[in-house]
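Q: I'd like a close look at one part of this fold, the sheet and the helices that go with it. Could you walk me through how they fit together?

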Amino acid sequence: MVKTLFPTNKNEPLANYIEGILSKYVSLGESKVLEIGCGNGRFGVVLGGRVGSYSGIDPDKEYIEIARKNFSEINYKVGSAEDIPFDEKFDVLFYSYSWHFILDFDEAYSEMRRVLDDDGIVFIMEPKGEDSNWASPVLNRGTPEFNEDLLKRKLKDLERGRKAILENNYFDVVEEIDERSKIYLLKKKK
Ligand SMILES: C[S@@+](CC[C@H](N)C(=O)[O-])C[C@H]1O[C@@H](n2cnc3c(N)ncnc32)[C@H](O)[C@@H]1O
C-alpha cells in the first residue's frame with residue numbers, strides 16, 4: 001500500500017497558530033514537548049526549533065525512519081499513545097490528527113498521566129469531520145478514489161475520540177476550539 005506522507009513544507013502558518021494557543025499555557029521556549037503519533041515528522045521541523053526540546057513517537061516504524069532521516073536533531077522513537085517509550089515528564093503532549101487512531105483510551109490516559117508534568121498541558125488537534133480536507137483522497141468526496149465506507153468509519157472514530165475526551169475522569173478540558181480543526185486543551189485534574 002502507498003504510504004501517505006504529510007508534506008513537511010508550508011506548515012509554518014499552522015505551527016504559528018498552534019504556538020499561539022500553547023503559549024497561553026506554557027512557556028514554550030523552555031518546554032519539553034512530546035508529539036504522539038508524529039507520522040513522518042512534519043511538525044517537528046517547524047516546532048522543534050521553537051521549544052526547549054522536541055520528541056516524537058509513532059507506532060509506524062517506517063514513518064519514524066523517514067522522520068529521523070529528515071530531522072536528525074529530533075528524538076524520534078517507535079511507540080504509541082498506549083505505550084509511550086519515555087520515563088521522563090513532559091510539559092506538552094501534542095496529538096496532531098492522531099487521537100482518533102487510539103484503540104485503548106484507558107491505556108492512553110494512564111500513559112498521559114504518567115508522562116505529563118502536573119502543570120503540563122495536552123493539546124489535541126482533530127479533523128473537523130465530514131468537511132475536512134483529508135490527506136488521503138479516499139476520504140475526500142469528488143475524488144475518483146473516494147470511499148463512502150471509509151469516510152463513515154473515520155467519522156465514527158472521530159466521534160469515539162471526542163467522547164473519550166469529554167467523558168474522561170482524569171483531565172479537565174480547559175479550552176475547546178472549533179475553527180479550522182477541532183482543538184482540545186486538557187490539564188490534569190488537581
Ligand atoms: C493522520 S496521521 C498524523 C501524523 C502527524 N501527526 C501529522 O499531523 O502530520 C496519524 C498518525 O497517528 C499514528 N497512530 C496510529 N495509531 C496510533 C496510536 N495508537 N498511538 C499513537 N499514534 C498512532 C499513525 O501511525 C499516523 O502516523
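A: Let's start on the outside of helix α4: D106 and R114 are exposed, and they sit on the face turned away from the buried side of α4. Keep in mind as you look that this is a predicted model.

Now turn α4 around. Its buried residues are A108, Y109, E111 and M112. These residues share one side of α4, because the arc they cover around the axis is only 160 degrees. Among the elements that cover the buried residues of α4 are β4 and β5.

That brings us to the sheet itself. It is an open sheet of 7 strands with mixed pairing, and the strand order reads β3-β2-β1-β4-β5-β7-β6. At the edges you will find β3 (75-78) and β6 (171-178), each of which pairs on one side only. From one strand to the next, the twist averages 20 degrees. Helix α4, made up of residues 105-115, packs on this sheet and touches β1 (32-36), β4 (90-96), β5 (116-126) and β7. The direction of α4 makes about 135 degrees with that of β5.

Follow the sheet to its β6 edge next. Strand β6 is joined by 7 bridges to β7 (residues 182-188), and the two strands run antiparallel. If you want a spot to orient yourself on this pair, E175 stands opposite L185 in β7.

A second helix belongs in this picture too. Helix α5, residues 148-166, lies across β5, β6 and β7 and runs at about 155 degrees to β5. Its length can be checked with simple arithmetic: at 1.5 Å a residue, the 19 residues of α5 should span 27 Å, and the end C-alpha atoms are indeed 27 Å apart, which agrees.

Like α4, helix α5 can be read face by face. The buried residues of α5 are K154, L158 and G161. Seen down the axis of α5, these buried residues fall within an arc of 65 degrees, so they line one face of the helix. Their packing partner is β5. Look at the other side of α5 and you will see the exposed residues E148, D149, K152, R153, K156, E159, K163 and L166.

To put the pieces together, begin at β5: this strand is touched by α4, and the buried residues of α5 pack against it. From there, step along the sheet order to β7 and then to β6, the strand that forms one of the edges.

Notes
Residues numbered from 1 in each chain as written. Predicted model: local features only at pLDDT ≥ 70, side-chain atom pairs only at ≥ 80, totals over all residues. Pairing = 2+ DSSP bridges. Helix = DSSP H or I, 4+ residues; strand = E, 2+ residues; numbered from the N terminus. Axes fitted to C-alpha atoms, helices over the stretch in contact; angles between N-to-C directions. Contact = placed C-beta atoms within 7 Å. Buried ≥ 20, exposed ≤ 12 C-beta atoms within 10 Å, placed from the backbone. Arc of directions from axis to C-beta. Expected span 1.5 Å × (residues − 1).
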